[in-house]
There are 2 protein chains.
Amino acid sequence: MGDANDDLQPPARLRALTSWQASRVSTIGARMTAKYMPLTARSDFAVLAALEEYGALSQADLGRRLGLDRNDVSGIVTRLQTGGHLDRQADPDDRRRNLVTINQAGRRYLEQIQRNADKAQAELLSSLDEDERGQLHALLVKVLEGHKPEPA
Amino acid sequence: MGDANDDLQPPARLRALTSWQASRVSTIGARMTAKYMPLTARSDFAVLAALEEYGALSQADLGRRLGLDRNDVSGIVTRLQTGGHLDRQADPDDRRRNLVTINQAGRRYLEQIQRNADKAQAELLSSLDEDERGQLHALLVKVLEGHKPEPA
DNA sequence: AGTGTTACGTTGGGCAAGCCAACGTTGGAG
DNA sequence: CTCCAACGTTGGCTTGCCCAACGTAACACT
């Protein structure tokens, strides 16, 4: 009978913090994600999506686009290269740079992650209707526009 | 002239993921927070706010309210106890439980964190007006209502 | 020319958060 | 009395974010 006891609310001071709410939404999103794929697929997705949309990029540019540190980009790109999802070559015009390019296997992998991410997203936002999802998206975009995408 | 070059946008696939947006907002919030206090103050704030609003709680109840694992609660409570911000005693009615209570120093500490959190919050949401902040808050609440606050 | 500055990629490490597994203790239900 | 569930604790793993240092390469300056 009474399983209606599950109404434990977080304290009001916490509920009032947008930063805490965002963090909560983020980790719940991570949980949904983990149901469909390993968590590392999230960084893979970010990098591959950038390469697919913008073409060949240096690792530093990748970091700037995605808000990631250079060292973290280095690790992700190495993982993706090991998995055969992208190509890395020295830039002939500037030999300091690594030109990173997505390849065919990478595109397939990207589409696969996209499908799983869509499923996770649907679960995360299940309590919102279409209009509300759009509003939430627009508001988050606006918050992020107020801050440089840079790492640190 | 053109310093307008700072318009590096993240890829559309990423911008479309609410989970990624929330994560981004969360870490930017963490950066704002770090300008005013050590990051650990965030967990302190959560625990103290719960104790202040709901009175004496067991650590397990704290975890359920806040969406934290028991082991993490254990560490936070120990830290707060060491700092003299709360009292921990065995529950006489159920000696498995630790009854945790906020004390006077804890309340002062809580108010101090609250002030800093408000400053960080203002910076985080600087690009939204009052109406928009309210809408964003309401939408995030609605998303979270669709998911149990429990840890995992 | 040579010099200094800057950007790049790499490595290593620290820290916070979330999660899982195990243990001993205690309470309650059968 | 026995079995099961909840509690608190410890230890460990992973991701994400961040800082510092190194060697290489491009660039500016004089």
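**View 1. The open sheet of chain A, in a predicted model, has 3 strands.** The strands of this sheet follow the order 1-3-2, and their pairing is antiparallel. In general, strands of a sheet pair through backbone hydrogen bonds, and they may do so in either a parallel or an antiparallel way. At the edges of the sheet lie strand 1 (57-58) and strand 2 (86-90) of chain A, each of which pairs on one side only.

**View 2. Strand 2 of chain A is seen here beside its partner, strand 3 (residues 98-102) of chain A.** These two strands pair in the antiparallel sense, and 5 bridges are found along the pairing. One residue pair to look for is Gln89(A) with Leu99(A), the latter being the bridge partner in strand 3 of chain A.

**View 3. Helix 3 of chain A lies across the sheet strands of chain A.** The strands that this helix crosses are strand 1, strand 2 and strand 3 of chain A, and the helix runs at about 90° to strand 3 of chain A.

**View 4. Chain B also holds an open sheet, formed by 3 strands in the order 1-3-2.** The pairing in this sheet is antiparallel, and the edge strands, each pairing on one side only, are strand 1 (57-58) and strand 2 (86-90) of chain B. Strand 1 of chain B is joined to strand 3 (residues 98-102) of chain B by 2 bridges, with the two strands running antiparallel, and Ser58(B) stands opposite Leu99(B) of strand 3 of chain B. Helix 3 (residues 41-54) of chain B packs on the sheet and touches strand 1, strand 2 and strand 3 of chain B, while its direction makes about 90° with that of strand 3 of chain B.

**View 5. Chain A and chain B meet in a contact that takes 63 residues from chain A and 63 residues from chain B.** Between them the two chains bury about 6,000 Å², of which 60% is on carbon and sulfur atoms. The interface has 8 salt bridges, and 29 residue pairs are in polar contact between the chains, counting pairs with both residues at pLDDT 80 or more. Several elements give two or more residues to the side of chain A that touches chain B, among them helix 1 (12-15), helix 6 (104-124) and helix 7 (130-145) of chain A. Helix 2 of chain A gives the most to this side, with 13 residues. Sorted by class, the side of chain A that touches chain B has 32 nonpolar, 16 polar and 15 charged residues.

**View 6. A salt bridge links Lys142(B) with Glu132(A).** The closest N and O atoms of this pair are 2.6 Å apart.

Conventions: Residues numbered from 1 in each chain as written. Chains lettered and ligands numbered in written order. Predicted model: local features only at pLDDT ≥ 70, side-chain atom pairs only at ≥ 80, totals over all residues. Heavy atoms only, no water. Contact = heavy atoms within 4.5 Å. Buried area = accessible area lost by both parts, 1.4 Å probe. Salt bridge = Lys/Arg side-chain N within 4 Å of Asp/Glu carboxyl O. Polar contact = N/O pair within 3.5 Å; in protein donor to acceptor, adjacent residues only side chain to side chain. Helix = DSSP H or I, 4+ residues; strand = E, 2+ residues; numbered from the N terminus. Nonpolar A, V, L, I, M, F, W, Y, C, P; charged D, E, K, R; others polar. Pairing = 2+ DSSP bridges. Axes fitted to C-alpha atoms, helices over the stretch in contact; angles between N-to-C directions.
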